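Thank you all for coming; I would like to walk through one structure with you, moving from a helix pair to the sheets and then to the interior.

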Amino acid sequence: MPKTQHRKGNRRPSNNNRYKNNNNSVPKKREEVKELVYHGPMSVGELAAALNRNASEIIKLLFMMGTMVTINSTLDDENIELVCMEFNVECRKEIIIEEDDLEELMNEEEDEALLKSRPPVITIMGHVDHGKTTLLDTIRKTHVTEGEFGGITQHIGAYQVNVSGKLVTFLDTPGHEAFTAMRARGAKVTDVVVIVVAADDGVMPQTMEAIDHAKAAGVPVIVAVNKIDKAEANLDRIMGEMSDHGMMPEEWGGDTIFTKISAKFGDGVPELLETILVLSEVENFRANPNKMASGTVIEAKLDKGRGPVTTLLVQSGTLHTGDAVVVGTAFGRVRKMVDDRGREIKEARPSTPVEIIGLNDVPIAGDVFKAYDHEKKARQIAETRLSKRIDQERNASSAMSLDDLARQIEQGEVQDINVIIKADVQGSAEAVKASMEKLDVDGVRVNVIRSQAGGITESDIMLASASKAVIYGFNVRPNAMVRKKAEEEGVDIRLHNIIYKALEEMESVMKGMLAPVYEEVVIGQANVRQLYKVSKIGTIAGCMVTDGKLKAECNIRLIRDGVVVYTGRLASLRRYENDVKEVQNGFDCGLTIENYNDIKVDDIIEAYEDQQVEAV
């Protein structure tokens, strides 16, 4: 190709063309953004595009505020809001809830205009012999006919009674552990807790458990003082004891309602039910009945004839026979629905307990359920939830160990450490509680959620699991069953008999630097059979290893007639002519002790080493 043609083909455009092109690419006027709706963290580049700005403007702005970022840096809510404020843009975050996140879907805010009044859901708790069961039976017999009564106990662990023309739902099944397990899974099944206390007995360990659970659930409490007909009943003493546990009576300027009842004779029970109705009107419990149902599993079992049988509490919407449902990780279609009186029904409105059959698997108490239009969709969501639950169970427990806490505190993730204290006497428990609550390291505080005398129980394990708490025991030991439960739930139990050591341990955790704990472990013993004296080496002991093993250069004690006469280290360990690393039980060896020669025949040489162990 000729040179001139080559130049001609690659020549630059004329000046006129350049100006013409520039005129065509003059940027348009920037369109101003008045409002930003975002769904989560955004990068600087994404925020710049959303605000119709240059990324350099945002980088410069944040730099002036003391934050160094690049175009790919991720901004949190606070920085997004700051940038929007500087550019006079209204900023609003919308949370997108995944379709399989039933727990979040249940907590979605409803349109006020769609909400209608619903019956309150009541859980009765208390010490085992304080009259809880008698009170439940009295309410059932008084407000339900005898013919229906048999149906209730036969069919369902929850029931409704009619009080002055208004329904009240009572949950019969949740003991303290079940109640806690439900709360651990995020289920808020109860609106009001009634704590039954015997007037002649006072506050007992299970009463305190009930108080702990009610406080943790954050629901209103009514204290029903039972056995008020007994001569030894002392209402003021009960009020005083309950006040000590944070249940201050209204009469004394607190906010806890106290009622006097005799569950056995029915005295005061109508007044208790009226009090529940009044409290319900004040709290104004409401739900939207005109949508697909959602709620919580109260109990579930496998029936040989009917398959999985599940008791559900409908909390929102209306459940119909034939609805496709996802219940936890199970799914199916509601083939049959039975109410608390054993009658087959076609629909269940909010606060109604029902027993259903038709699921493919038995769910867990506390699982959330939701109804859908199509069974295919229900199956897909259930399968997604199952795979997620399997991953979660593989990865972590809901409970927290001290090592986890130390790591999270170091990373700035934890501000409060929940602790349960159990001691041999109440005085010790209170002393430990007071000392621990005084600890404050770098803004991290200890929150004692239970402090009691007595052994560590399964109830403590369940509360610890639900509250991500660590259990401290003083002069108490958990039994094998409790230890197994703690392992299953991933609950950390720390056992001490000296308070200051526990405080030191907790303080080191709060500083985010839990030091490893070492424990002396005996690894073997040998018996001295013969002695050889060598001028340049010293005394060589010919030994037989009688237990465990000896290791080269390990720590040893020389024991003579049961008394330790020397503590040191092995200088050498040999078999025949060879140096060896260890000698096992049943073999003979020759050894010397570092800087020590006064060895006698029949002395025992005990070998030990320090091994890192979990702190207890």
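**Helices, sheets and a cavity**

Let me start with helix α3, which passes helix α4 in a right-handed crossing, where right-handed means that the near helix is turned clockwise from the far one by less than a right angle. Helices here are DSSP runs of H or I with at least four residues, strands are runs of E with at least two, and both are numbered from the N terminus. The contact is made by Val44, Leu47, Ala48 and Leu51 of α3 and by Ala55, Ile58 and Ile59 of α4, contact meaning heavy atoms within 4.5 Å. The axes of α3, residues 44–51, and α4, residues 55–64, lie 8 Å apart at an angle of about 115°, with axes fitted to C-alpha atoms, for helices over the stretch in contact, and angles running from 0 to 180 degrees between N-to-C directions.

Before going further, I should say that this is a predicted model, in which local features need pLDDT of at least 70 and side-chain atom pairs count only at pLDDT 80 or more, while totals for chains, interfaces and linings use all residues. Residues are numbered from 1 along each chain as its sequence is written, and side-chain values use heavy atoms, with hydrogens and water left out.

Turning to the sheets, 6 strands close into a barrel in the order β13-β14-β19-β17-β16-β20, with antiparallel pairing; two strands pair if DSSP finds at least two bridges between them. Within the barrel, strand β13 (residues 294–303) is joined by 9 bridges to the antiparallel strand β14 (residues 307–316), and Thr296 stands opposite Leu313 in β14.

There is also an open sheet of 5 strands, ordered β22-β23-β21-β24-β25, whose pairing is mixed. Which strands stand at its edges? They are β22 (440–441) and β25 (493–496), and each has a single partner strand, so one side of each is left without a neighbour in the sheet. Strands β21 (residues 416–423) and β23 (residues 444–453) run parallel and are joined by 8 bridges, with Asn418 opposite Asn447 in β23.

Finally, the interior: a search of the whole structure finds 1 cavity of 30 Å³ or more, and its lining consists of Glu32, Val33, Leu51, Arg53, Phe87 and Val89. A cavity is a set of points on a 1 Å grid over the protein atoms alone where a 1.4 Å probe fits but cannot get out, and lining residues have an atom within 4 Å of a point.

Note on methods
On a 1 Å grid over the protein atoms alone, a cavity is a set of points where a 1.4 Å probe fits but cannot get out, and a pocket is an open set with protein on both sides within 12 Å along at least five of seven lines; lining residues have an atom within 4 Å of a point. Grid points are joined across faces, edges and corners, and a volume is the space filled by probe spheres set on the points.
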